[in-house]
Structures are given as structure tokens and as C-alpha cells.
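Colleague: I am new to this model and would like a close look at a single part of it. Please pick one stretch, describe how it sits against its surroundings, and follow the chain a little way beyond it.

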Amino acid sequence: APVGFVDMKKMRYFADRTGWTPDPICDYLKDFKVEQDKIQPVWIDVKATAQARPGVYRGTVAVKNGNVKLLDLPLQVRVHRFELPYKNSLPVVTAARFDQGFYDYMYGDEKPETVKQFRGYLDGSVSYDELNAVAKHQVEVMHRFEKMISAHRIPNDHIYRPAPIKIEDLKRYLADRNRLVCLFAVEKHNKPEELVEWMDRLAPVIIENNWQNNVYVYGFDEINPDLFKKAIDTFRPLKKKYPWLKIMTTAFDYSLGRETGMDEVIDIWVPQIREFFNNTDENTRARKDGKEVWYYVCCYPSPPIANWLLESQPTATRIMLGMMPYKYDIEGFLQWAIIRWKANRTFEENGKIVTRELVWDKKLTDGPLTSHDGKGFYEFNGDGFLFYPGENGPVTTVRARPVSYTHLRAHETGAYL
């Protein structure tokens, strides 16, 4: 498929380029035009089954102008003598946010009744058969996204899940790529007794299937010290009744609980990637105390530090999920969103120039030079999404592809090769 380009704008953070930048892989284009003396990259995927014999396979790729063959390009693929495990060794959690207004805008009709039905389907209070045609379409498209996410070796998850996960979804995700699944998210408005009630509903199935090490609760996203006590008080009853339950946070507690008392309730610390490397002594101490220490990226850090921004070097993205976790003993990775189609837009309103975060105005259907600028969360290019909304479902990206190839820990890869 032709590699598409977005017209990236200059941001307030450092970047070494602007303008046309490769990102979407336009597999929805049946054909495309290339102007004379212009270069157009084409992405070719080759997949080997688990039963493929090791060795070198050769073939050709035909380049045609209509029905006229222009040339044959040689293609050579080496199949190595190992089979990739279906589940990645490095735990990854993220958020495909189908429960937001931008998804309703792209694939629903935004009518209150449809929104209510689709949200009800997500939380289990409404069955598929009870949905209207539009809500059913939203479910079907969501499953197409989930299928593509899984094909990229990315687990389907939702760290901001506002209500307890449906048992059928929990079973489905753990049977697929997931090593871990978020049961529900916890924020400052949640009551401790509510969380215990939610867990009471889920625990019997988890214990029956021995999934205690495969589930977690995420909460108090990026909180500052003023909310540390609130987090402890909220989590404590849940942790007391279910001591085996893993609780994960990105709280800005750089002592990893040592000075704040948060270590009483937190099992998985996820500092931002810069803080992880600025805090190696605390990382070591927390691990000795039986805690896990991961890292995450979001709108920061800026290039050249590893991230998933459009300006990030592909080599940095690859090592972020492969060599870096191995070298620095990183136990997991969190990406805050892979489907979130909103960005800051500046426009005139009532005679004033205002800036507001708005839903993207359309799906991605053109290319290779697309009408998209690649802007994600607020003003950060590529942040919050790894897949674009296409006419009938997901459009993958150059940034998402490295996950398929580099998600093994380095020691496993070295041992295989």
C-alpha cells in the first residue's frame, strides 16, 4: 500500500522538521498517482506462518501503470528458525477510547439514544440485539479496530475504563494478546465502597480462572502530591479485601511511595520515561520492596528522546519497546491512548480568536498526500493515536508497524537468532 503523508505544522516543542511527513499506510487506495521525478514510498508486508520452514524465499513485485507492467522488483525474505510467541514478553497497557464523543462522531450519529445504547453495550447493560442499526455499526467497526490492534501485537485495553469490564471482554482479551487487562479505572470521584462492590462482582471469575496475575486496576492518573492521601484512602479498602489485586498509577510520586505512604497501596509504578531515568536509585529500591517499575510516554518527551510523536525517529520508537526495556530492566510499558481523534484548533468565534480542542472533522480517505495535519492531543503531532479513522474502519500507520517487529525482549530475540 502507498505510504500516506500528513502536512505537519510547527509546534512549540523542538522538532527537526515540519511539512509533509509519512504516517498513514493508505491501504484503502486502489491505485495512486506519482508525479514525474517524485518519490512515493510503498509499504509491503510479508507474513510467515508458524509452520513456514526456515530459509530464504524469493519472489518479485510487479509495478504497473494501469495494466501495463513497468518493471519487476526482486523481493527476498528470510524466515528465521524460531516462532514468535503469540503474547509479547513485555507487558503493555494502553487505551483504545471507543467510549468518547469522537468515536460517536466518526462512526455513529451522535443522537442521544444511539450514544446511550452504545455506551450501554460497552458497560454490559445493553445487549447487542437491543441496539439500533447505527449502534450495531459502531460495535462492528470497533471490532475491526480491535482486530487490527491485535494484528500489530498490541493488546486491546482501556486504562481509563469508567466501569467494571464485562466478563466476556475480560475472557476475550486474555485469550488474545493481553498479559494484563484493566478491570476498571479509579479517579478522585470514586467512592471506596463502590470499588469494592465492583471487585466483588469480578473476583469470583478471576479466582476461578487463576487470573489474579493477569488483571490490574489503574487509577489517579498523573496526580500531584495534593491528591496522594486521597489516593491512599480510596485504594486502601480495595487492597485490604483483595491483597492480590495489582494497582497501577502514573502519580507524580518520585519517591515511589517511600516518602508518601503510597507504597501501601501501589504495586506497579509507571513514571514518565524521563523520570524513570532520572530516578534509578528509587527504581531499584522499589523493586527490592517487591514493586514493579514501568515507564510511559505521552505528549512528552520531545525528540530525540524515544516517543510515538510524528517527529520521533523510528529507531527510537523501536528500541522503546525492545532494547531499552531489556537493558534497563523495565518491566512494562504504558501508552496513554492509541485511539483519540482530537486536537487543538484556532479559529474566530464572536469576533475573537480562540483555541479549543476539537474532534477531527473527517475520516481519512484521500492520499497519498492527505488532507490531515497529523495533530493529536492538544498541539502534539501524533500524540494519542496510532490508527486513523478510515471510511470503514482503521487505517494503520508507520508508527504502529514497529510494534509488530520489535516487541520481544532483546534477550529472547538474541537467543532465537
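Modeller: Start at glycine 124, which comes just after helix 2 and takes a positive phi of about 90°. The model is predicted, so local features need pLDDT of at least 70 and side-chain atom pairs count only at pLDDT 80 or more, while totals for chains, interfaces and linings use all residues. Residues are numbered from 1 along each chain as its sequence is written, and side-chain values use heavy atoms, with hydrogens and water left out.

Helix 2 itself is made up of 12 residues, 112-123. Helices here are DSSP runs of H or I with at least four residues, numbered from the N terminus. The expected span of a helix is 1.5 Å times one less than its number of residues, and for helix 2 this gives 16 Å. The C-alpha atoms at the two ends of helix 2 are 16 Å apart, which agrees with that expectation.

Next, the two sides of the helix. Thr114, Gln117, Phe118, Gly120 and Tyr121 are buried in helix 2 (under 20% relative accessible area, with exposed meaning over 50% and partly exposed in between, for a 1.4 Å probe and protein chains only). They cover an arc of only 155° around the axis, and therefore lie on the same side of helix 2; the arc is taken over the directions from the helix axis to the C-beta atoms. Pro112 and Lys116 are exposed, and they sit on the face of helix 2 that is turned away from its buried side.

What lies over the buried residues? The cover on the buried residues of helix 2 includes helix 1, residues 101-107, and helix 3, residues 133-151. Contact in this account means heavy atoms within 4.5 Å.

Beyond glycine 124, the chain continues into the loop between helix 2 and helix 3, where glutamate 130 is found. Glutamate 130 counts as exposed because its relative accessibility is 52%. Leaving aside residues up to four places away in sequence, glutamate 130 touches Gln117 and Ser125. Of these two partners, Gln117 is one of the buried residues of helix 2, so the contact links this exposed loop residue back to the helix.

For a sense of distance, take glutamate 130 together with glycine 19: they are 111 residues apart in sequence, and their C-alpha atoms are 47 Å apart in space.
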